[in-house]
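User: Please take a close look at one part of the structure shown below. I should like a single connected account of how that part is built into its surroundings.

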Amino acid sequence: MSSANAESSPRVKLETSMGDVVLQLDAAKAPDTVANFTQYVRDGHYDGLVFHRVIKGFMIQGGGYDASMKERDTRAAIKNEAANGLKNERGSVAMARTSAPHSASSQFFINHGDNDFLDYPGQDGWGYAVFGKVVEGMDVVEQIANTPTGNAPPFGRDVPVKTVVINKASVLDAQ
């Protein structure tokens, strides 16, 4: 078993078609969300998926669709842990969800701007659960955020014109 610190702060590497991004997760403040996300990583769920929604100054979103915009199956949704004190600030990673507060499953987003309106309690009494932050590769996030977007089914606008793929996601070993 890893050290207590490594267990509460796992790191995940996203190897994308534009470069690598390393996330430091916060299991102490978002235990269910981190357990959910790292299980998807270990299962290989994110490998081959794309960042399907990119809005410069707001966020980059991925974790649900492949390059042909086919949605990948997910496990059951998890409870919303947005009331954990973590903020939707530039470089933080949070769970994407529908308008239903407890609907997050595999999709996530990296905040490209400071988005305090997404913090608990948000506009709907819940907000969006932050569960970590980018610790390496913010330049890659910047490149993805600056990718030209256009219209593509089934999303309409904000879809990268050139596909940005998560080639592989992995949980990094503790030292």
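The request concerns strand E5 (92–95) and the loop between strand E4 (59–66) and E5: which strands pair with E5, and where does asparagine 88 lie?

Analyst: The model is predicted, so local features were taken at pLDDT of at least 70 and side-chain atom pairs at 80 or more, while totals for chains, interfaces and linings use all residues. Numbering starts from 1 along each chain as its sequence is written, and side-chain values use heavy atoms, without hydrogens and water.

The setting of E5 comes first. A barrel is closed by 8 strands, in the order E1-E2-E7-E5-E6-E4-E3-E10, with antiparallel pairing. Helices (H or I, at least four residues) and strands (E, at least two) are DSSP runs numbered from the N terminus. Averaged over the sheet, neighbouring strands are turned by 35° against each other, direction ignored; such angles lie between axes fitted to C-alpha atoms (helices over the stretch in contact), from 0 to 180 degrees between N-to-C directions. In that order, E5 stands between E7 and E6.

On one side, E5 pairs with strand E7 (residues 130–136) in the antiparallel sense, over 3 bridges; two strands pair when DSSP finds at least two bridges between them. Valine 93 has glycine 132 of E7 as its bridge partner, and alanine 94 is bridged to valine 130, again in E7. On the other side, E5 and E6 run antiparallel and are joined by 3 bridges. There, methionine 95 has phenylalanine 108 of E6 as its bridge partner.

The residues of E5 point in two directions. Ser92 and Ala94 point one way, whereas Val93 and Met95 point the other way. All four are buried, that is, under 20% relative accessible area, where over 50% is exposed and the range in between partly exposed (1.4 Å probe, protein chains only).

Two helices lie against these strands. Helix H2 (residues 31–42) lies across E5, and also across strand E1 (11–16), strand E2 (19–25), strand E6 (108–111), E7 and strand E10 (165–171). The direction of H2 makes about 115° with that of E10. Helix H3 (residues 138–145) also packs on the sheet, touching E1, E2, strand E3 (49–55), E4, E6 and E7, and runs at about 115° to E2. Thus E6 and E7, the two pairing partners of E5, are among the strands that H2 lies across and that H3 touches.

Asparagine 88 belongs to the loop that joins E4 to E5. Because its relative accessibility is 2%, asparagine 88 counts as buried. The side chain of asparagine 88 reaches the backbone oxygen of tyrosine 128 at 3.2 Å, within the limit for a polar contact (N or O atoms within 3.5 Å, one able to donate a hydrogen and the other to accept it; residues adjacent in sequence count only if both atoms are side-chain atoms). Beyond the neighbours within four places in sequence, asparagine 88 is in contact (heavy atoms within 4.5 Å) with Ala94, Phe109, Asn111, Gly113, Asp114, Asn115, Asp116, Leu118, Asp119, Tyr128 and Val130. Ala94 and Val130, both on that list, are themselves bridge partners between E5 and E7.

The same loop between E4 and E5 also holds methionine 69. Its phi is near 65°, a positive value in a residue other than glycine. Methionine 69 counts as buried because its relative accessibility is 19%. Aspartate 158, in strand E9, likewise has a positive phi, of about 70°, although it is not a glycine. With a relative accessibility of 16%, aspartate 158 therefore counts as buried.

Two cis peptide bonds complete the account. One runs from tyrosine 120 to proline 121, with omega near 5°; proline 121 is placed in the loop between E6 and E7, the two strands that pair with E5. The other runs from proline 153 to proline 154, with omega near 0°, and proline 154 is found in the loop between strand E8 (149–152) and strand E9 (156–160).

In summary, E5 is joined by 3 bridges to E7 and by 3 bridges to E6, while asparagine 88, in the loop between E4 and E5, reaches the backbone oxygen of tyrosine 128.
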